[in-house]
Amino acid sequence: MAEFTLDLNDDQKQVRDWLHGFAADVIRPAASEWDEREETPWPVIQEAAKVGIYSLDFYAQQFFDPTGLGIPMAMEELFWGDAGIALSIVGTGLAAVGVLANGTEEQIGTWIPQMYGDANDVKVAAFCSSEPDAGSDVASMRTRAVYDEAKDEWVLNGTKTWATNGGIAGVHVVVAVVDPDLGSKGHASFIVPPDTPGLSQGQKFKKHGIRASHTAEVVLEDVRVPGHCLLGGKDKLDERLARARERAKAGGERVKNAAMATFEASRPAVGAMAVGTARAAYEVALDYAKTRSQFGRPIIDNQGIAFQLADMRTRIDAARMLVWRASWMATTGKPFTAAEGSMSKLYASETARDVTAQAIQILGGNGFTREYPVERMHRDAAIYTIFEGTSEIQRLVIARTLSGMPIR
Ligand SMILES: Cc1cc2nc3c(=O)[nH]c(=O)nc-3n(C[C@H](O)[C@H](O)[C@H](O)COP(=O)(O)OP(=O)(O)OC[C@H]3O[C@@H](n4cnc5c(N)ncnc54)[C@H](O)[C@@H]3O)c2cc1C
């Protein structure tokens with residue numbers, strides 16, 4: 001039997017140190033510029049592609065780390081560098097996971113490499129699920145996909161919103177309704193290949209934080225995609241819909257539980273991003289508290305400051321442990337009987353929000369300016385309690401899982 005250990009192995013340490021070097025030398029120095037420009041940092045993504053960080057191979061290697069710690073470790077280091085730039089680097093992964101989770105081997109082999117392009121011609125991809133009236137309430141989705149049997153094509157119509165890389169992506173993965181009577185069980189995912197007529201970018205959002213990451217509406221007007229762009233294929237979809245109709249008659253619980261298990265496995269990655277941002281702000285605050293003097297002594301000599309730093313670090317380490325536990329559970333196939341994935345995302349995201357606010361306070365007036373990075377880190381941290389399920393939705397999931405009750 002394997003011994004219990006929280007030590008990273010030599011390979012993991014090597015990858016972590018390599019990523020940390022890239023985050024410190026390339027990402028962090030560029031953070032302020034791209035935050036102000038509010039544009040996708042293409043040169044940084046290209047640099048990441050050149051060294052192999054922006055590539056399918058790199059994510060696959062981390063994803064298949066048997067301990068489960070490859071992805072959270074990578075996320076923490078990249079987001080320690082800067083959240084907006086890191087999201088521009090890992091955003092394509094959201095769409096790639098959509099294909100990995102639902103696609104056939106042929107679809108995975110065809111589309112995922114196109115999502116990344118190569119170091120000389122870098123591409124990004126977008127995952128489009130949210131809509132103006134369907135955020136937390138995914139079942140209210142309206143984007144419709146209708147099958148044109150004569151041409152073996154699907155026709156997509158609707159408006160997606162909040163899509164990371166929406167409109168600037170080559171490949172878009174779009175979730176749409178194929179059977180409106182089945183709620184979220186009547187959804188399917190489609191590849192929209194590069195330059196498909198009818199897909200356009202709507203409003204590009206000006207945001208509070210993670211401003212180097214592009215977020216926009218995606219408008220679909222009679223977008224026609226070949227039958228082979230339905231992820232998983234038509235036969236599998238027809239079987240799944242038939243099963244869902246049967247289960248809808250019998251109560252529908254099992255399908256819902258399968259979808260929940262997927263979310264539980266993906267949420268720790270967002271928790272790890274939050275840990276990275278929180279750790280970055282904590283380090284700046286600790287350093288500042290040791291060097292800034294008032295009343296003739298470093299401000300950390302005051303318990304009021306020192307205890308805050310002690311609490312910040314304790315919460316960050318606790319958040320990382322929850323993230324690692326959930327990632328290890330997902331990789332080793334342990335059942336999420338207490339919604340441990342949601343727990344990790346909830347705790348880490350609120351830790352990032354609170355720790356970055358404390359960091360501003362410790363830096364005083366300097367913390368409130370753009371001369372120091374904690375102001376940007378606090379703006380960035382606000383996203384973690386919102387995307388991939390808000391904190392309220394995480395609490396709902398945890399409470400429902402613990403109680404077995406349909407809490408509203
Ligand atoms: C920067 C950014 C990037 C994003 N990237 C993507 C992306 O790439 N692809 C994608 O598909 N989506 C993306 N999203 C969308 C994101 O996942 C949604 O914003 C999120 O799920 C919340 O949906 P909403 O904004 O419609 O809020 P709403 O669902 O309208 O929620 C509003 C408020 O009501 C609360 N609330 C809602 N329902 C309940 C309830 N039952 N009980 C208690 N409180 C409740 C929420 O917690 C929240 O506080 C992104 C969003 C942002 C801001």
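This report describes the domains, the ligand surroundings and several individual residues of one protein chain.

The structure is a predicted model, in which local features need pLDDT of at least 70, side-chain atom pairs count only at pLDDT 80 or more, and totals for chains, interfaces and linings use all residues. Residues are numbered from 1 along each chain as its sequence is written.

**Domains**

The protein chain is divided into domain 1 (10-122), domain 2 (126-250) and domain 3 (255-403); these bounds come from an automatic or database domain assignment. Between the C-alpha centres of domain 2 and domain 3 the distance is 31 Å. Seven residues of domain 2 are in contact with seven residues of domain 3, where contact means that the C-beta atoms of two residues, placed from the backbone, lie within 7 Å. The side of domain 2 that touches domain 3 has two nonpolar, three polar and two charged residues. In this classification Ala, Val, Leu, Ile, Met, Phe, Trp, Tyr, Cys and Pro count as nonpolar, Asp, Glu, Lys and Arg as charged, and the others, Gly among them, as polar.

Two annotations come from an unreviewed UniProt entry. UniProt lists residues 10-115 as "domain: Acyl-CoA dehydrogenase/oxidase N-terminal", and its annotation "domain: Acyl-CoA oxidase/dehydrogenase middle" covers residues 126-223. UniProt positions are given in the numbering used here, feature names are shortened, and annotations may be inferred rather than shown by experiment. The table gives the make-up of each annotated stretch. Helices (H or I, at least four residues) and strands (E, at least two) are DSSP runs, numbered from the N terminus.

| Residues | Helix | Strand | Distance between end C-alpha atoms |
|---|---|---|---|
| 10-115 | 84% | 0% | 31 Å |
| 126-223 | 0% | 48% | 16 Å |

**The ligand shell**

There are 21 residues around the ligand, and S129, G135, S136, T390 and E392 come nearest. A residue is counted as near if its C-beta atom, placed from the backbone, lies within 6 Å of the molecule. The elements that give two or more residues to this shell are β3 (126-128), β5 (153-164) and α13 (391-403). By class, the shell has eleven nonpolar, seven polar and three charged residues. The ligand lies between domain 2 and domain 3, because both domains give residues to the shell.

**Two helices**

Helix α13 has 13 residues and reaches 18 Å from its first C-alpha to its last, close to the expected 18 Å. The expected span of a helix is 1.5 Å times one less than its number of residues. Just after α13, G404 takes a positive phi of about 70 degrees.

Helix α10 (340-362) has 23 residues and reaches 32 Å, close to the 33 Å expected. Of the 23 residues of α10, 18 are buried. A residue is buried if 20 or more other C-beta atoms lie within 10 Å of its own, exposed if 12 or fewer, and partly exposed in between, with C-beta atoms placed from the backbone. G364, just after α10, takes a positive phi of about 60 degrees.

**Individual residues**

W162 lies in strand β5 and has a positive phi of about 60 degrees although it is not a glycine. W162 is partly exposed, because 18 other C-beta atoms lie within 10 Å. I210, in the loop between β8 (199-204) and β9 (215-226), is likewise not a glycine and has a positive phi of about 35 degrees. I210 is buried, because 29 other C-beta atoms lie within 10 Å.

V138 is found in the loop between β3 and β4 (144-148). Leaving aside neighbours within four places in sequence, V138 is in contact with S129 and S184.
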